[in-house]
Amino acid sequence: MSKTQPEPVRDPGTDHLLTPANCLVALIDYQPEQYATITSASKERINLNAEALCRLAMAYEVPVVLSTVGVDLGVNQGTDEVLRGALPGVEEIDRSGVNAWEDADFRAAIESSGRRKVVIAGLWSEVCLAFPTLDMLREGYEVFPVADAVGGISPVAHERAFERMIAAGAQPVTAISFGAELMRNWARADSDHLRAVMNWYFPKKAELDRQEGVTP
């Protein structure tokens, strides 16, 4: 018996997995000054996965909260142009503090969404990603750091940050696994959203792997 029809869609209100209707994406501090000090992954590798995350959020109409630090203070530049281009219509929320959850506007943007599952990515892993993740977990949110779209000032800093977040209850994902979790079934009408991102992503990943000497 051939299978060409999708399984029934589970209720997003009770689904423990991520769906387009039950989560939001938070992106924090993808700014030149942050990239300049990261050594756990290359800027190109981070941006490949961060852009995939952005494209998937836009395609599946997942709300995106975008934040920067120090732009109004005049010490930092805004979000990387690649990611800004992948987030049409999404406004930046600037802050003065390193912990985005302590900024009233950022916190209000998360709270006003009414969504309790937060897919989060930020630079650095050990500060701008870890601190709001730990705070949101404490306040009862489910938090999903995107492991391949972030980086720290050293491999040790990045790895210890994830150990700390996981110990507190965070559930790491990757950019493409996020898309697969949203899509869930290849027979669904919206599966082409993931296909389109994958058709863009994998050639770019293969080329970057060659450039960085990554063995398949």
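Buried residues have under 20% relative accessible area, exposed residues over 50%, and partly exposed residues fall in between (1.4 Å probe, protein chains only). These terms are used in the legends below. The model shown is predicted.

**View A. An open parallel sheet of 5 strands.** The strand order is β3-β2-β1-β4-β5. Pairing in this open sheet is parallel. β3 (92–95) and β5 are the edge strands, each pairing on one side only. From one strand to the next, the twist averages 25°. Strands of a sheet pair through backbone hydrogen bonds, either parallel or antiparallel.

**View B. Pairing of β1 with β2.** Strand β1 spans residues 23–28, and strand β2 spans residues 64–69. The two run parallel and share 4 bridges. One residue pair to pick out is L27 with its bridge partner L66, which sits in β2.

**View C. Helix α4 across the sheet.** Helix α4 covers residues 104–113. Four strands lie under its path: β1, β2, β3 and β4. Relative to β1, helix α4 runs at about 165°.

**View D. The β4-α5-β5 unit.** β4, helix α5 (residues 125–138) and β5 form a β-α-β unit. Its hand is right. The two strands of the unit pair in the parallel sense, over 4 bridges. V118 has V143 of β5 as its bridge partner.

**View E. A salt bridge between β4 and β5.** K117 and E142 form a salt bridge, with 2.7 Å between the closest N and O atoms. K117 belongs to strand β4 (residues 117–122) and E142 to strand β5 (residues 142–145), so the contact ties together parts 25 residues apart in sequence. K117 is buried, at 6% relative accessibility. E142 is partly exposed, at 28%.

**View F. A salt bridge within helix α6.** The side chains of R160 and E163 meet in a salt bridge, at 2.8 Å from N to O. Both residues lie in helix α6 (residues 155–168). Their spacing is 3 residues, about one turn of the helix. R160 has a relative accessible area of 39%, so it counts as partly exposed. E163 is also partly exposed, at 45% relative accessibility.

**View G. A salt-bridge network involving helix α8.** K205 and D209 form a salt bridge at 3.0 Å, N to O. Helix α8 (residues 191–212) holds both residues, 4 residues apart, about one turn of the helix. D209 is buried, with a relative accessible area of 12%. K205 is partly exposed, at 28% relative accessibility. The contact belongs to a network of salt bridges that links R45, K205, D209 and E212. Across the whole structure, a search finds 14 salt bridges.

**View H. C23 and C54, two cysteines without a bond.** A disulfide is a covalent bond between the sulfur atoms of two cysteines. The structure holds 0 disulfides. The closest cysteine sulfur to that of C23 is in C54, 13 Å away and therefore too far for a bond. The cut-off for a disulfide is 2.5 Å between the sulfur atoms. Seen from C54, the closest cysteine sulfur is that of C23, again at 13 Å. C23 is buried, at 0% relative accessibility. C54 is buried too, with a relative accessible area of 1%.

**View I. A cis peptide bond ahead of α5.** The peptide bond from L123 to W124 is cis. Its omega is near 5°. W124 lies in the loop between β4 and α5. Most peptide bonds are trans.

**View J. Positive phi at D29.** Most residues other than glycine have a negative phi. D29 is not a glycine, yet its phi is positive, at about 65°. D29 lies in the loop between β1 and α1 (32–35). D29 is buried, at 0% relative accessibility.

**View K. Positive phi at E61.** E61 also departs from the negative sign, with phi near 55° in a residue other than glycine. E61 lies in the loop between α2 (43–59) and β2. Is the residue buried or exposed? E61 is exposed, with a relative accessible area of 67%.

Notes. Residues are numbered from 1 along each chain as its sequence is written. This is a predicted model: local features need pLDDT of at least 70, side-chain atom pairs count only at pLDDT 80 or more; totals for chains, interfaces and linings use all residues. Side-chain values use heavy atoms; hydrogens and water are left out. A salt bridge is a side-chain nitrogen of Lys or Arg within 4 Å of a carboxyl oxygen of Asp or Glu. Two strands pair if DSSP finds at least two bridges between them. A crossover is right-handed if, with the strands pointing away from the viewer, the path from the first strand over the helix to the second runs clockwise. Axes are lines fitted to C-alpha atoms, for helices over the stretch in contact, and angles run from 0 to 180 degrees between N-to-C directions. Contact means heavy atoms within 4.5 Å.
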